[in-house]
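Here is a friendly tour of one protein chain, written for someone meeting structures for the first time. Please keep the picture open while you read.

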Amino acid sequence: MKIKLKEKIKRISVEYKFGDFFRNFIAVILGIVITFAGSDYISERNTQKEVEKSLMLVKSELMLNRKEMKSMGETVSFEQNAARYLFQYKNRINEISPDSARMYTPTLFQWNKFEFISDAMEMLKSSALIQKIKNKELSLQIIKVYGTIKSAENIFDIYMNYKTQSQDKFNANPKVRAFIYQLTRKREKTDDRFEDNYMMEELKLLYSQPEGLQLIHSLPNIHNPRAYFHCVEEIDKTIAAIEKEYE
């Protein structure tokens, strides 16, 4: 009877120590799991904060590009409308008012340059944060809108190159070169009223030379400026998507 009692006490003691060890072991494991889970949560939260900051920069960049794109579209539209207007009066030059001549004629010879930026987008890609955007449709939309901006920029470059070539052909005409030379000498001896007369004389020269008529006639037909305004719409959609996701 005493032996059985000792064995029972020993067995209870062993079982108690094993159970205590098991409980401690589970506590340690749970502590490790909670620590790693908490660390992952904090890391993910910090990553998403960085993503949000980067996308706010992208949003600001897109707003600047939108302003530039809108200005580009308006510039091309105005130049093409000016060329259409002047072409309509090629046989009725006396009906063109000095104000219209002064407003529209210079657009045929203006050179424009627009700058688009992508620094925030490049930073988003180089830091691999674009892969951390949870909304994959948004990340794809951002990539696509920058591609649309680049395409519109390329279209404008083609437009300006063609316009410049037409200008160069017109300016290379001997009669035009003589006109410019005479104009330079006259400007040294005349007042501001000379400018109105000059515009009308320049128009007569444009209408009388094939290179001038080609410049006026071809400018509206190079391409449709709708591409720029479509790009503005895509930028607006992307900005709205960023705001919906993060604001």
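The text below goes from the whole chain to its helices and then to single residues.

**The whole chain**

Keep in mind that this is a predicted model. The protein chain has eight helices and zero strands, so if you follow the elements from the N terminus you read α-α-α-α-α-α-α-α. Of the 247 residues in the protein chain, 34% are buried. Look also at contacts in the chain with a separation of 6 or more: 85% of them are between residues 24 or more positions apart.

**Helix 3 and the residue after it**

Which residues of helix 3 (residues 119-126) are buried? They are Ala120, Met121 and Leu124. These residues cover an arc of only 100° around the axis, and therefore they sit on the same side of helix 3. A general rule helps here: an α-helix has 3.6 residues a turn, so residues three or four places apart point the same way. On the face of helix 3 turned away from the buried side you will find the exposed residues Asp119 and Ser126.

Helix 3 is followed by alanine 128, which lies in the loop between helix 3 and helix 4. Alanine 128 has a positive phi of about 65° although it is not a glycine. For background, most residues other than glycine have a negative phi. With 28% relative accessibility, alanine 128 counts as partly exposed.

**Two helices side by side**

Now find helix 4 (residues 136-171) and helix 7 (residues 210-218), which pack at an angle of about 160° with their axes 8 Å apart. Because of that angle, helix 4 is roughly antiparallel to helix 7. The crossing of the two helices is left-handed. Helix 4 makes the contact through Tyr162, Lys163, Ser166, Gln167, Lys169 and Phe170, while helix 7 brings Glu211, Gly212, Gln214, Leu215 and Ser218. Sorted by class, the contact of helix 4 with helix 7 holds three nonpolar, five polar and three charged residues.

**Three buried residues**

Where do three of the buried residues sit, and how accessible are they? The table puts them side by side.

| Residue | Place | Relative accessible area |
|---|---|---|
| Methionine 69 | helix 1 (residues 2-88) | 0% |
| Phenylalanine 156 | helix 4 | 3% |
| Glutamine 209 | loop between helix 6 (194-208) and helix 7 | 8% |

Start with methionine 69. Leaving aside residues up to four places away in sequence, methionine 69 touches Phe116, Ile149, Ala152, Tyr228, Cys231 and Val232. Methionine 69 and histidine 230 are 161 residues apart in sequence, and their C-alpha atoms are 9.8 Å apart in space.

Phenylalanine 156 has its own set of partners. Again not counting residues up to four places away in sequence, phenylalanine 156 touches Met72, Val76, Asn112, Phe114 and Tyr228. Between the C-alpha atoms of phenylalanine 156 and asparagine 112 there are 9.7 Å, although these residues are 44 residues apart along the chain. Try finding Tyr228 in the picture: Tyr228 is one of the residues touched by methionine 69, and Tyr228 is also among those touched by phenylalanine 156.

What does glutamine 209 touch, not counting residues up to four places away in sequence? The residues are Asn173 and Lys175.

Methods:
Residues are numbered from 1 along each chain as its sequence is written. This is a predicted model: local features need pLDDT of at least 70, side-chain atom pairs count only at pLDDT 80 or more; totals for chains, interfaces and linings use all residues. Side-chain values use heavy atoms; hydrogens and water are left out. Axes are lines fitted to C-alpha atoms, for helices over the stretch in contact, and angles run from 0 to 180 degrees between N-to-C directions. Helices (H or I, at least four residues) and strands (E, at least two) are DSSP runs, numbered from the N terminus. Angles under 35 degrees count as roughly parallel, over 145 as roughly antiparallel, 65 to 115 as roughly perpendicular and the rest as oblique. A crossing is left-handed if the near helix is turned anticlockwise from the far one by less than a right angle, and right-handed if clockwise. Contact means heavy atoms within 4.5 Å. Ala, Val, Leu, Ile, Met, Phe, Trp, Tyr, Cys and Pro count as nonpolar, Asp, Glu, Lys and Arg as charged, and the others, Gly among them, as polar. Buried means under 20% relative accessible area, exposed over 50%, partly exposed in between (1.4 Å probe, protein chains only). The arc is that of the directions from the helix axis to the C-beta atoms.
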